[in-house]
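Colleague: I have the model open and would like to go through how its descriptions were reached. Could you take me through them?

Modeller: Gladly; have a look first.

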Amino acid sequence: MNTELLFERILEDVYNQGYAIIEQAMEPGLTQQLYTTARTQLSKFSPAAIGRDSELQLNNDIRKDKTLWFSGECQSERDYLCVMESLRQLINRQFFLGLFDYECHFAYYKVGDFYKKHYDAFKGRSNRVITTVYYLNTPSEGGELIIYKPRSKEVLQRVSPRAGTLVVFESERFIHEVLPAKEERFSIAGWFRKNASIGGIIDPPK
Ligand code: OGA
Ligand code: MN
């Protein structure tokens with residue numbers, strides 16, 4: 001899909017429903033390179049943490065995946081960040097959200113790994129505004145992303161991870177979870193952020 005069409009669909013769907021699910025969002029070649037970049041660095045991944053700064057904790061009951069923040073050292077990472085930077089600017093022009101930054105990491109779920117129901121941001125307590133998830137491989141089963149209707153236990157969307165599918169949603173609005181992986185699962189989770197002061201600390205580190 002060309003970027004113009006991709007961005008048009010993201011903006012329209014996020015505007016109308018708060019989320020967008022787009023298959024074959026980027027060049028298969030780029031997706032493949034990102035997958036290779038992630039896989040070859042697997043030894044550098046570390047257990048994912050929850051919360052930030054002093055609250056940072058490993059919580060094996062909530063999530064089991066391993067993550068690696070982008071270093072920007074690989075061309076594929078820079079290509080991906082370039083797409084997200086264009087999207088950031090477009091979102092700012094259209095929605096006046098004042099997003100100043102995009103941060104992202106690779107995520108790896110081995111068989112059995114999951115991420116239970118959570119928000120990526122809590123109202124007024126985080127500067128994460130919009131979440132993106134990009135899938136790098138296609139497990140034949142398991143590892144579905146479940147997005148729930150706001151203030152409800154009803155399932156809104158059930159997304160099977162497929163290489164090339166991009167999910168975008170408002171971070172404060174949707175509780176979501178990742179069901180246990182039945183095959184290895186690679187993805188990139190990212191967040192557009194606004195400049196927010198939290199407890200007097202401006203732009204706390206990731
Ligand atoms: C996350 C997350 C969803 C997915 O990393 O916060 O919710 O489908 N990921 O990988
Ligand atoms: Mn999440």
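**Around the ligands**

Modeller: Strand E13 gives four residues to the shell around ligand 1, the largest share of any element. Keep in mind that this is a predicted model.

Colleague: Which elements give two or more residues to that shell?

Modeller: They are strands E7 (115-118), E8 (128-135), E12 (176-178) and E13 (185-194). The residues around ligand 1 include Tyr 115, His 118, Tyr 135, His 176, Arg 185 and Trp 191. By class, the shell has seven nonpolar, three polar and two charged residues.

Colleague: What makes the approach of Tyr 135 to ligand 1 a polar contact?

Modeller: The cut-off for a pair of N or O atoms is 3.5 Å. A polar side-chain atom of Tyr 135 lies 2.6 Å from an oxygen atom of ligand 1, so the pair is within the limit. For His 118 the distance from a polar side-chain atom to a ligand 1 oxygen is 3.2 Å, and for an N or O atom in the side chain of Asp 120 it is 3.2 Å. Both values pass by the 3.5 Å rule. As for cover, the protein takes up 98% of the 290 Å² of accessible area that ligand 1 has on its own.

Colleague: Why are His 118, Asp 120 and His 176 called donors of the manganese ion (ligand 2)?

Modeller: A donor here is an N, O or S atom within 2.8 Å of the metal. NE2 of His 118, OD of Asp 120 and NE2 of His 176 lie 2.1 to 2.2 Å from the manganese ion, so they count as donors. Water is not among the atoms, so the site may look incomplete.

Colleague: How are these donor residues spaced in sequence?

Modeller: The spacing is H-x1-D-x55-H. His 118 in strand E7 and His 176 in strand E12 are 58 residues apart, and the pair links distant parts of the chain. Both His 118 and His 176 are buried.

**Rings and accessibility**

Colleague: Why is the pair of Tyr 19 and Phe 174 called edge-to-face?

Modeller: Ring centres must lie within 6.5 Å, and the planes must be over 60 degrees apart. For Tyr 19 and Phe 174 the values are 5.8 Å centre to centre and 85° between the planes, so the pair meets both conditions. Tyr 19 lies in strand E1 and Phe 174 in the loop between strands E11 and E12, so the pair ties together parts that are 155 residues apart in sequence. Tyr 19 and Phe 174 are both buried. The count by this rule is 12 aromatic pairs. Ring pairs also join a cluster whose members include Tyr 35, Phe 45, Tyr 134 and Phe 186.

Colleague: How do you know whether Arg 128 is buried or exposed?

Modeller: Buried means under 20% relative accessible area. Arg 128, in strand E8, has 16%, so this residue is buried. The Arg 128 side chain also makes a polar contact of 3.0 Å with that of Glu 103.

Colleague: And what makes Asn 60 and Leu 81 fall in their class?

Modeller: Partly exposed lies between the 20% and 50% limits. Asn 60 has a relative accessible area of 49%, so this residue is partly exposed. At 29%, Leu 81 counts as partly exposed too. Asn 60 sits in the loop between strands E4 and E5, while Leu 81 is in helix H3.

Conventions:
Residues numbered from 1 in each chain as written. Chains lettered and ligands numbered in written order. Predicted model: local features only at pLDDT ≥ 70, side-chain atom pairs only at ≥ 80, totals over all residues. Heavy atoms only, no water. Near = heavy atom within 4 Å. Polar contact = N/O pair within 3.5 Å; in protein donor to acceptor, adjacent residues only side chain to side chain. Areas by Shrake-Rupley, 256 points an atom, 1.4 Å probe, with all protein chains shown as cover. Nonpolar A, V, L, I, M, F, W, Y, C, P; charged D, E, K, R; others polar. Donors = N, O, S within 2.8 Å, 3.2 Å for Na, K, Ca; no water. Buried < 20%, exposed > 50% of the residue type's maximum accessible area, 1.4 Å probe, protein only. Phe/Tyr/Trp six-rings, centres within 6.5 Å; stacked < 30°, edge-to-face > 60°.
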